[in-house]
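Here is a short briefing to read with the model open beside you. Two topics follow: a buried acidic residue, then the cysteines.

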Amino acid sequence: IISGYAAKNMCSCMFEAGRSQDFVAKTDNNFPPIDIATYEVDTIHKTVTASVLGLMKRKAVYHEDLGCQLALKNASMPRITYFPTPHNCPLNPYYPYGNEDPQDTLFANIDYKKLNLAVHNAFDPKGKDSLMTRALVVIYKDRIIAEKYDEGFDKNAPILGWSMTKSVMATLFGIMEKQ
């Protein structure tokens, strides 16, 4: 489990998010027992093999547009990419349908001073790593009303969200489906 998790996470952070092996080892895979894993990284074939004390090696392979996945022992992994065809997509260029920066919108019922303090407090002070927040986006009435990113991250940085991502996406899909 340690080798598999370490390989998959290192692979995703390096080849999807563009982080260095050293950065990932120090910030993403730096907790017990994952921190005892060692890595063999092949940047040409975009693979990461992790092991603990040289035993139980697990290999993760990066697939363009699909991400990283663990390889089964002695299995060749085809590099096949299937793209979904979007249908009925609105032409709105702003969130939640597009990537353009939102138009300025101020809501009279929001205390922006308290909001900004809460956003600020969600991040660690310089030199600390207890909260480890990397990104925070506050959305209200389909508008981004606050956002902040940790050093080395921005709105385009891929960040692993694990089950959190599935839950948020399922909720957003349900809202959009109802609309």
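Let's begin with Asp28, which counts as buried because its relative accessibility is 13%, under the 20% cut-off. Please keep in mind that this is a predicted model. The structure holds one disulfide, and we will come to that pair after a look around Asp28.

**Around Asp28**

- Asp28 sits in the loop that runs between α2 (21-27) and β1 (38-42).
- Its side chain makes a polar contact with the side chain of Arg134, at 2.6 Å.
- Setting aside neighbours within four places in sequence, Asp28 is in contact with Asn9, Cys13, Arg19, Phe23 and Arg134.
- Arg134 therefore appears both in that contact list and as the side-chain polar partner of Asp28, a pairing that rests on the 2.6 Å contact, while Asp28 itself counts as buried at 13% relative accessibility.

**The disulfide**

- Cys11 and Cys68 form a disulfide, with 2.4 Å between their sulfur atoms.
- The torsion about their S-S bond is about -75 degrees, so this disulfide is left-handed.
- Cys11 belongs to helix α1 (residues 2-16) and Cys68 to strand β4 (residues 67-70), so the pair ties together parts that are 57 residues apart in sequence.
- Cys11 and Cys68 are both buried.

**The unpaired Cys13**

- Cys13, one of the contacts of Asp28, is in no disulfide.
- The nearest cysteine sulfur to that of Cys13 belongs to Cys68, 8.9 Å away.
- Cys13 counts as buried because its relative accessibility is 1%.

Technical notes. Residues are numbered from 1 along each chain as its sequence is written. This is a predicted model: local features need pLDDT of at least 70, side-chain atom pairs count only at pLDDT 80 or more; totals for chains, interfaces and linings use all residues. Side-chain values use heavy atoms; hydrogens and water are left out. Helices (H or I, at least four residues) and strands (E, at least two) are DSSP runs, numbered from the N terminus. Buried means under 20% relative accessible area, exposed over 50%, partly exposed in between (1.4 Å probe, protein chains only). A polar contact is a pair of N or O atoms within 3.5 Å; within protein, one must be able to donate a hydrogen and the other to accept it, and residues adjacent in sequence count only if both atoms are side-chain atoms. Contact means heavy atoms within 4.5 Å. A disulfide is a pair of cysteine sulfur atoms within 2.5 Å.
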